[in-house]
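Morning, everyone. Please pull up the structure on your screens. I'll start with the whole chain and then zoom in.

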Amino acid sequence: MELINLLDRPGREYTPFPFWFLNDELTADELRRQLEDFAAHGVYGVVLHPRIGLPRTMPYLSEAFFDAIEAAVREAERLGMRVILYDEGMYPSGSACGQVVAANPDYASRGIDLLPPDAALEEGDKLLARTPGGLLVSRFTRGTIRGIHFGQDDGEPDAPPSTDLLNPDAVELFIRLTHDAYYKRLKQWFGTTVIAFFTDEPSIMGRNPRTPFAWTKGFEDAFTAAGGVLADLAALFCGEENASTRLYHRMILEMEGEVYYRRLSDWCAGHGIALVGHPHQSDDIEVERWFQIPGQDLALRWVAPEKPDAGIDGMMGHCSADAALLMGCRRNANECFGACNRGGNPWQLSGGDIKWYLDWLAVRGVNLFIPHAFYYSIEGARKDERPPDVGPHSSWWPRYRLWSDYIRRLSALMTDAEVRVRVALPCRNRDLHPETAAALERAQISCCCLPESVWPDCHIEDGRLHCRGLVFDAVAGDAAWFPALPHWGDAAFDRAVTPDCVCTPPQPALRVRRFARCGAECWFLVNEGEESIEASVTFPGAERLGGYDLWAGRAFRLAAGDAASITLPRRGSLLVFACPAADWAGLPVRPADVLLPEAAFRLTEERPDAVQKVYEADYPVDALPDGGRLLLPVQAEELCELTVNGQDAGAAFWSPCAFEVGGLLRPGANRLRLTVTGSLANRYGERPVPYGLGVREAE
């Protein structure tokens, strides 16, 4: 089958694109060595991300800086890799590491504040209105960004000033300083090796602003011309809403899109590359329309296995994937894993968490993964800057092919998929109804966010909602939206909408995405819970079912008919697909699993410097069973590696660990050797993390 061929050999375009933290003295030799190492581990793309730790002898956008960037791009071309450029030094984007404001101080970020009635105004302040609550004033926010040199971080004296991203002249200067300079130096690689520019959570007011709401010079004229009353904006400061506050939010959002995102989008399109990256918040869906590759950011454990209710952050997968669906974009991205440490303990991010995050994103439609981050260096304070390294400095780097292959299979599966979604979720920017979406997900019903900007493209025909080529049978959310259609919660909805799959008994921890890929009807199943899922699952419309283990890269025959007995262990995922009779007959029968007795391991060695414990066991086998996969269970966390009689039996990253040992065991005596590598929080974190046999994932 074409689908199986795709997953057995996913192309390089589906590679992870890690943030490569360029954070130390950059040399051509070391850039070359690291890129070769990435490619050897199945990583065929990078985001060139200037990061704190670059030496002062290499100022942002200097000749020395571009010499290093060009060296990296040349080497990527030689290795057949792809590069995404990064538009700032360091983030949030839009300031050229302070060079915009250095060129014109009037381009610094502005906001509005409500001051006491007798407050004295500062230089640069402008009184907008006297209100019963005080003076409404426009002023510089004094916001900053995080720079690329030590001493330029939040709160430090040299932190670069942020830019007024609602000022067209300031944004044009930013583009001239950054994008035009990159193009001048790297023009020959644009559209081939260089495929995109990344813009990173642009912030109108900058980080740590002293004003709570955004503004720009002269905005008061446009606001009042549109019917706004300046004095009524005092309501913003007490959380109240009126016609003027609603107008304010709408106009700021429109200006942000037109002045910043649209200009960057047009520049990228005009230079043969894509705009990628992500907006400021997880539910900023309206500005996604300006990205050729819409994106979001899963960081700081905003979403996590232990958080059943992630609020607005639980919508970030929908935000990018649904925007891409409505815009006809092939790819949508997520900058994932950044500082997603458990309990705030630096470097405590397990392989089990990584697997959960990948599946969480993919089942919601994300198909381009940008791991945060691969560090050029972890020397000194660099290792403490938004850890962990999830690439070359991680404990699992020698086994990273397992991860890069899994990511490529997920990306290949979700790219160019024809999504089967029949429930629309009308929404407004920063109001994506996460509770409703979560309830639908628990019932295995897919939905698609319809932001306000696409409502004019909607029409009802034959009792169904049509929007940009998508057709919906029902609506979730406010019943006032599209009242002629069945709504979530009423009996008509149950008659109109069939779940993507039907579980007996119900499985609220099961997530599913239904789509067609390579001509096959597909269901991607993910267990988001902590316990194993065992259920009879019906897949509507299928006559025969095949399965594909995306982690192991193995296809098999699942069931004759539209129902199958499904077991998904903790951190489990599975692709189920409908098969024509001839293809189904050609699939291998899935071998029965034979769970062997646990081995009586004994601790033989501890390696504190390597954060490892080594166990050995003598494992007698009277006779080997005929057929079936022989699985040896091990209860451990982090990275577990097993050898049987000196031969590699593979690696596992989360419990339950089950090593496939058929073909390695022999009748009689066997020698097992288990190496457990613990969290690097034991080396770099604030507190130790237990690891080894019998240990479950620590909170």
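How many helices and strands does the secondary structure of the protein chain come to? The count is 15 helices and 38 strands. Keep in mind that this is a predicted model.

Now the overall dimensions. Along its principal axes, the C-alpha trace spans about 90 × 65 × 50 Å. What radius of gyration would a compact globule with 699 residues have? It would be near 27 Å, and the protein chain has 27 Å, so the two agree.

Next, inside and outside. Of the 699 residues, 61% are buried. The chain exposes about 26400 Å². Carbon and sulfur atoms supply 50% of that exposed area.

On to contacts. Take those between residues at least 6 apart in sequence. Among them, 73% join residues at least 24 apart.

And charges. The chain has 69 positive and 98 negative ones. How far apart are their mean positions? They are 3 Å apart.

Let's zoom in on three strands. Find β19, residues 458–461, and β20, residues 464–467. They pair in the antiparallel sense, over 4 bridges. Look at C458: its bridge partner in β20 is C467. The two strands form a hairpin, with 2 residues between them. In that turn, D462 has a positive phi of about 55°.

Keep following the chain. Which strand do 3 bridges join to β20? That is β21, residues 470–472, and the two run antiparallel. Here L465 stands opposite F472 in β21. β20 and β21 also make a hairpin, again with 2 residues between the strands. R468 takes a positive phi there, near 50°. So β20 pairs with β19 on the one hand and is joined to β21 on the other, by the rule that two strands pair if there are at least two bridges between them.

Last stop: one arginine in a loop. R571 lies between β29, 563–568, and β30, 573–578. Is R571 buried or exposed? Its relative accessibility is 2%, so R571 counts as buried; the cut-off for buried is under 20%.

What is R571 in contact with, leaving aside its neighbours within four places in sequence? The list includes the acidic residues D353, D359, E530 and E697. It also includes W356 and W654. R342 and K355 are on the list as well. So are P305, G352, N527 and G529.

That's my tour. Over to you.

Terms used: Residues numbered from 1 in each chain as written. Predicted model: local features only at pLDDT ≥ 70, side-chain atom pairs only at ≥ 80, totals over all residues. Heavy atoms only, no water. Rg over C-alpha atoms; globule rule 2.2 N^0.38 Å. Buried < 20%, exposed > 50% of the residue type's maximum accessible area, 1.4 Å probe, protein only. Contact = heavy atoms within 4.5 Å. Areas by Shrake-Rupley, 256 points an atom, 1.4 Å probe, with all protein chains shown as cover. Charge placed at Lys NZ, Arg CZ, Asp CG, Glu CD.
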